[in-house]
Amino acid sequence: MAIPRNKAVLATINEEGDSSMSDKSAYREKLEARLEQWRAEIDKLQAKAAEASADARKDHEDQVAELRKQQDEAREKLKELDKASDDAWEDIKDGVEKAWDKLGDAVKSARERFS
């Protein structure tokens, strides 16, 4: 499931129109929680791959490997967010959200294929 844009996961703007550090922290915490949920889903898919028939196992294992790669890319985006200054972090949100959307869509697609 992709994280919805312009929803509660996105940082809010305070009355002066500036982002506060607490917004960055809250945004990051929500992304980290979602990344953890996806990690658990990927673990379940990996277990299903191990139980699949020999023909399907290779395909499932390849999908899990790709999900792990995308998960690592999303983690790298979190590191970029951490390194960004309080004023600049919103500038990298688009890249972070694209990585989250990509991973969310991939997890959903794999879940459907493994069913």
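These exercises work through a predicted model of one protein chain.

**Exercise 1. The overall plan**

Determine how many helices and strands the chain has, and in what order the elements run.

Solution.
- Step 1: Count the elements. The chain has three helices and zero strands.
- Step 2: Read from the N terminus on. The order is α-α-α.
- Step 3: Add the burial. Of the 115 residues in the chain, 34% are buried.

**Exercise 2. Checking helix spans**

Compare the end-to-end reach of helix 2 and of helix 3 with the expected values.

Solution.
- Step 1: Take helix 2, with 30 residues. At 1.5 Å a residue, 44 Å is expected. From its first C-alpha to its last, helix 2 reaches 44 Å, which is close to that value.
- Step 2: Take helix 3, with 22 residues. Its span should be 32 Å at 1.5 Å a residue. The end C-alpha atoms of helix 3 are 31 Å apart, so the two values agree.

**Exercise 3. How two helices cross**

Describe how helix 2 and helix 3 are arranged relative to each other.

Solution.
- Step 1: Choose the quantities. Two packed helices are described by the angle between their axes and the distance between the axes.
- Step 2: Read both off. The axes of helix 2 and helix 3 come within 9 Å and cross at roughly 160°.
- Step 3: Classify the angle. Angles over 145 degrees count as roughly antiparallel. Helix 2 is therefore roughly antiparallel to helix 3.
- Step 4: Give the hand. The crossing of helix 2 and helix 3 is left-handed.

**Exercise 4. The nonpolar core**

Find which residues of the largest nonpolar core touch the most other members, and which helices supply the core.

Solution.
- Step 1: Recall the background. In soluble globular proteins, nonpolar side chains tend to be buried together.
- Step 2: Pick out the best-connected members. The largest nonpolar core has 22 residues, and Leu31, Leu35, Leu67, Trp100 and Leu103 touch the most other members.
- Step 3: Assign the core to elements. Helix 1 (21–51), helix 2 (54–83) and helix 3 (93–114) each give two or more residues to this core. Helix 3 gives the largest share, eight residues.
- Step 4: Check burial in helix 2. Its buried residues include Leu67, Leu78 and Leu81, but also His60 and Gln63.
- Step 5: Do likewise for helix 3. Among its buried residues are Trp100, Leu103 and Phe114, along with Lys93 and Asp101.

**Exercise 5. A glutamate in helix 3**

Decide whether glutamate 97 is buried or exposed, and find what its side chain contacts.

Solution.
- Step 1: Locate glutamate 97. This residue lies in helix 3.
- Step 2: Apply the cut-off. Buried means under 20% relative accessible area. Glutamate 97 has 9%, so this residue counts as buried.
- Step 3: Look for a partner. The side chain of glutamate 97 makes a polar contact with the side chain of tyrosine 27 at 3.0 Å.

**Exercise 6. Far in sequence, how far in space?**

For arginine 28, aspartate 43 and lysine 48, all in helix 1, give the exposure and one C-alpha distance.

Solution.
- Step 1: Take arginine 28. At 24% relative accessibility, arginine 28 is partly exposed. Leucine 81 is 53 residues away along the chain, yet the C-alpha atoms are separated by 7.7 Å.
- Step 2: Take aspartate 43. Its 29% also counts as partly exposed. Arginine 68 is 25 residues away along the chain, and the C-alpha separation is 9.6 Å.
- Step 3: Take lysine 48. With 40%, lysine 48 is partly exposed. Histidine 60 is 12 residues away in sequence and 8.2 Å away in space, C-alpha to C-alpha.

How values were computed. Residues are numbered from 1 along each chain as its sequence is written. This is a predicted model: local features need pLDDT of at least 70, side-chain atom pairs count only at pLDDT 80 or more; totals for chains, interfaces and linings use all residues. Side-chain values use heavy atoms; hydrogens and water are left out. A nonpolar core is a set of buried Ala, Val, Leu, Ile, Met, Phe, Trp, Tyr and Cys residues joined through side-chain atoms within 4.5 Å. Buried means under 20% relative accessible area, exposed over 50%, partly exposed in between (1.4 Å probe, protein chains only). Helices (H or I, at least four residues) and strands (E, at least two) are DSSP runs, numbered from the N terminus. A polar contact is a pair of N or O atoms within 3.5 Å; within protein, one must be able to donate a hydrogen and the other to accept it, and residues adjacent in sequence count only if both atoms are side-chain atoms. The expected span of a helix is 1.5 Å times one less than its number of residues. Axes are lines fitted to C-alpha atoms, for helices over the stretch in contact, and angles run from 0 to 180 degrees between N-to-C directions. Angles under 35 degrees count as roughly parallel, over 145 as roughly antiparallel, 65 to 115 as roughly perpendicular and the rest as oblique. A crossing is left-handed if the near helix is turned anticlockwise from the far one by less than a right angle, and right-handed if clockwise.
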